[in-house]
Amino acid sequence: MNLRLFHAMLILLSAALAVLFGVWCLDLYGREDGIGSLVAAVAAFALSFGLVVYDSWFLRKTRTLQ
Amino acid sequence: MEIPYTVEVRRDTGLTNGRIGIWLFLASEVMLFGALFASYILIRTGAVSWPRGDTILDVPLATFNTLVLISSSVTMVMAWASLMRHRFGTFRIYMGLTILFGFVFLTVKYFEYSHHLHIGEVPSTNNFLAIYYTLTGLHMLHVAGGMAVNAYLWGPGAKLWQTNPQWFTNRVEHSGLFWHFVDLVWIFLFPTLYLL
């Protein structure tokens, strides 16, 4: 596996982590009812989506780099 | 005497020696961190009670550090991609940013450690903190090691670009693989210690 594929895999795992963090924030919101947790959850889900978009862009852009 | 298979691939493995070397090294690193993660699971499942990480540790600070490390993996791969496209100036910028992100990560960790030590939360306080200091301390050493290699490639090591650009590009890729591994470890460490 080269750096290109390792990077793509790392970004996918980061997206999964962002989803997990979003769920954790929602759980915290349920327990403590702070608006900050809700905002953080939304930001985490948005980041996760952004990372997946970046990943597909990166793979397309670096197709010729092996 | 010239070192063989730094640029051309070996016929038997289909890889350069450098790439085999870095993957063997990373395999040994997986065993090291894997053993520590396994120890963590055993100690946690065997404990009568276990604290929630977010009640002891600073989650917002660690979240910031996670974003810093993910950003550093982007700049690292861009540094390598710049060399593949023969843009040495762009490589210098991206590699410099990668080193800077590493420095930011370590600085934040320094403040996090200082806070815990200041209020008397040391490794001997409880098992959770012992594991926290062991795993994050070892990870910090890896970040520092990766920064040292990247700084060498950014500075004096970059002379190789003039004489053998492909070999230099391969070196940057190997350093990038290590840096990505260090990021990968953090992606597992963060939820394990701070969230779960």
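User: In this predicted model, which side chains meet in a salt bridge, at 4.0 Å from N to O?

Analyst: The two partners are A:R31 and B:D54, whose side chains come together at 4.0 Å, counted from N to O. Between chain B and chain A the count is one salt bridge.

User: How many residues are in contact between the two chains, and how much area is buried between them?

Analyst: On one side 29 residues of chain B take part, and they are in contact with 27 residues of chain A. About 2400 Å² is buried between chain B and chain A, and carbon and sulfur atoms give 81% of that area.

User: How far apart are the end C-alpha atoms of helix 1 of chain A?

Analyst: One can reason from the rise of 1.5 Å a residue: the 30 residues of helix 1 of chain A should span 44 Å, and the end C-alpha atoms lie 42 Å apart, which agrees. Just after this helix, A:D33 takes a positive phi of about 60°.

User: Which residues form the nonpolar patch on the surface?

Analyst: An α-helix has 3.6 residues a turn, so residues three or four places apart point the same way. Here the patch is formed by A:V19, A:V23, A:L26 and A:F45, which together have about 300 Å² of accessible area. Helix 1 of chain A, covering residues 3–32, gives the most to this patch, with three residues.

User: Is A:V19, which is found in helix 1 of chain A, buried or partly exposed?

Analyst: A:V19 counts as partly exposed because its relative accessibility is 37%, and that class lies between the cut-offs of 20% for buried and 50% for exposed.

Technical notes. Residues are numbered from 1 along each chain as its sequence is written. Chains are lettered from A and ligands numbered from 1 in the order in which they are written. This is a predicted model: local features need pLDDT of at least 70, side-chain atom pairs count only at pLDDT 80 or more; totals for chains, interfaces and linings use all residues. Side-chain values use heavy atoms; hydrogens and water are left out. Patches are made of residues with over 30% relative accessible area and no salt bridge: like charges are joined within 9 Å, nonpolar side chains (Val, Leu, Ile, Met, Phe, Trp, Tyr) within 5 Å. Accessible areas come from the Shrake-Rupley method with a 1.4 Å probe; for residues, only the protein chains shown count as cover. Helices (H or I, at least four residues) and strands (E, at least two) are DSSP runs, numbered from the N terminus. Buried means under 20% relative accessible area, exposed over 50%, partly exposed in between (1.4 Å probe, protein chains only). The expected span of a helix is 1.5 Å times one less than its number of residues. Contact means heavy atoms within 4.5 Å. Buried area is the accessible area (1.4 Å probe) that two parts lose on being put together, summed over both.
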